[in-house]
Amino acid sequence: MAKRGDRALQRAEEYRREGLGEMAVDSYREAIALYKEDRDVLRQANALSSLGKLYGQQLFDHRKALKSYQESLRLRQIYGLERLSEEYFNVAEQQNFLGILSEAKDNLMRGLHSAEREGNRQNIGKILNLLGDILLEEGNLNEAEERLRTSLEVLTAEGDELMISYVQSSIGLLLACRHKYEDALKACQNALDQAEKIAAQSAIGIAQLRFGQVHWMQGSFSTARDYFSKALEIAQRTKAKILRETALEWLDRCGLESPPRSTPPEQT
């Protein structure tokens, strides 16, 4: 017999697919409450995670997304449920968006240890990528490069083409921060080629953004502006809020034509 919460969860998924975000939120919350009443902790945790995804990716409310993921993570920790490393990553990703970098790094390290215990190489690669991005943002170039290179190696072995593109983009920015602009542009081109191969619009947008940042750091503001405009176009088409805000910020910098700074630029 189907559980009571399953019907509410099904409605929530239908509302989410139809773009009815607030109605989906209400149905997810109903499902979570019913699973809690039925003491079905696994379904409760999974529904909380789905709610976090809705808040983060569709409603762009990263604080509420973080809260939902944290509640799911707490249940997985207490009851020894599956997907622990994935939930650590989800929590850290939202903390990164909110600028809570120290806590994000702590959760990424916990997630890394969990992924190693689980034998989940794909999650290891994802976690190392985000950890490398945060370290790069903080200016820790040596440790960032170590994390990103290891991430690329792991994800290449796993054949995760989407994540390979993201990591290549991050490596491109890192190399630019080391003033290795030719190598940086090659890495960005590799990221763009990979993203176009699998028609991944989000990864294409990130690669265009990184291209722009590399050119800006070289002082090629006109070329940088072209790439930022391409990233902005993709962000608007795909409703990628953070990519849109970041592209707009860098377009403003191109207008000011400020000289390259000695510290690394912020990440998306």
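How many residues of the lining of the largest pocket are nonpolar, how many polar and how many charged? The lining divides into 12 nonpolar, 17 polar and 10 charged residues. The legends below start with that pocket in this predicted model.

**Figure 1. The largest pocket and its lining.** The volume of the largest pocket is about 1300 Å³. Its lining numbers 39 residues. Nearest the centre lie Q57, E93, F97, Y166 and S202. Seven helices each supply at least two lining residues: α3 (41–57), α4 (62–79), α5, α7, α9 (161–177), α11 (201–218) and α13 (241–256). By class, the lining holds 17 polar, 12 nonpolar and 10 charged residues.

**Figure 2. The second largest pocket, with lining from α2, α3 and α4.** This pocket encloses about 230 Å³ of space. It is lined by 14 residues, and K36, Q44, L48, R74 and L75 are the closest to its centre. Two or more lining residues come from each of α2 (21–37), α3 and α4. Helix α4 gives the most, with five residues. The lining comprises seven nonpolar residues, one polar residue and six charged residues.

**Figure 3. Helix α6 and its packing partners.** Helix α6 covers residues 101–118, 18 residues in all. From first C-alpha to last, α6 reaches 25 Å, close to the 26 Å expected at 1.5 Å a residue. Its buried residues are L101, A104, N107, L108, G111, L112, S114 and A115. They pack against α5 (84–97), α7 (121–137) and α8 (141–158). G119 follows the helix, with a positive phi near 70°.

**Figure 4. Helix α8 and its packing partners.** Helix α8 has 18 residues. Its reach is 25 Å between the first and last C-alpha, close to an expected 26 Å at 1.5 Å a residue. Buried in α8 are L141, A144, R147, L148, S151, L152, V154 and L155. R147 is thus one of the buried residues, as is S151. The buried set packs against α6, α7 and α9. Just after α8 comes G159, with a positive phi of about 75°.

**Figure 5. E13 and its polar contacts.** E13 sits in helix α1 (residues 4–17). Its side chain makes a polar contact of 2.8 Å with the side chain of R16. A second polar contact, of 2.5 Å, joins the side chains of E13 and Y28. Leaving out residues up to four places away in sequence, E13 touches Y28 and S50. Y28 therefore appears twice in this view, as a contact within 4.5 Å and as a polar contact within 3.5 Å.

**Figure 6. A8, a buried residue of helix α1.** A8 belongs to helix α1. Its relative accessible area is 1%, so A8 counts as buried. Which residues does A8 contact, leaving aside its neighbours within four places in sequence? They are S27, E30, A31 and L34. A8 and E30 are 22 residues apart along the chain, and their C-alpha atoms are separated by 6.3 Å.

**Figure 7. Two loop residues with positive phi, R39 and F60.** Most residues other than glycine have a negative phi. R39 has a positive phi, near 60°. R39 lies in the loop between α2 and α3. Is R39 buried or exposed? R39 is exposed, because its relative accessible area is 74% and the cut-off for exposed is over 50%. F60 also has a positive phi, about 55°, and is not a glycine. F60 lies in the loop between α3 and α4. With 25% relative accessibility, F60 counts as partly exposed, because the value falls between the limits of 20% and 50%.

**Figure 8. T238 in helix α12.** Helix α12 spans residues 221–238 and includes T238. T238 has a relative accessibility of 37%, so this residue counts as partly exposed. The view also takes in L209. T238 and L209 are 29 residues apart in sequence. Their C-alpha atoms lie 15 Å apart in space.

Key: Residues are numbered from 1 along each chain as its sequence is written. This is a predicted model: local features need pLDDT of at least 70, side-chain atom pairs count only at pLDDT 80 or more; totals for chains, interfaces and linings use all residues. Side-chain values use heavy atoms; hydrogens and water are left out. Helices (H or I, at least four residues) and strands (E, at least two) are DSSP runs, numbered from the N terminus. The expected span of a helix is 1.5 Å times one less than its number of residues. Buried means under 20% relative accessible area, exposed over 50%, partly exposed in between (1.4 Å probe, protein chains only). A polar contact is a pair of N or O atoms within 3.5 Å; within protein, one must be able to donate a hydrogen and the other to accept it, and residues adjacent in sequence count only if both atoms are side-chain atoms. On a 1 Å grid over the protein atoms alone, a cavity is a set of points where a 1.4 Å probe fits but cannot get out, and a pocket is an open set with protein on both sides within 12 Å along at least five of seven lines; lining residues have an atom within 4 Å of a point. Grid points are joined across faces, edges and corners, and a volume is the space filled by probe spheres set on the points. Ala, Val, Leu, Ile, Met, Phe, Trp, Tyr, Cys and Pro count as nonpolar, Asp, Glu, Lys and Arg as charged, and the others, Gly among them, as polar.
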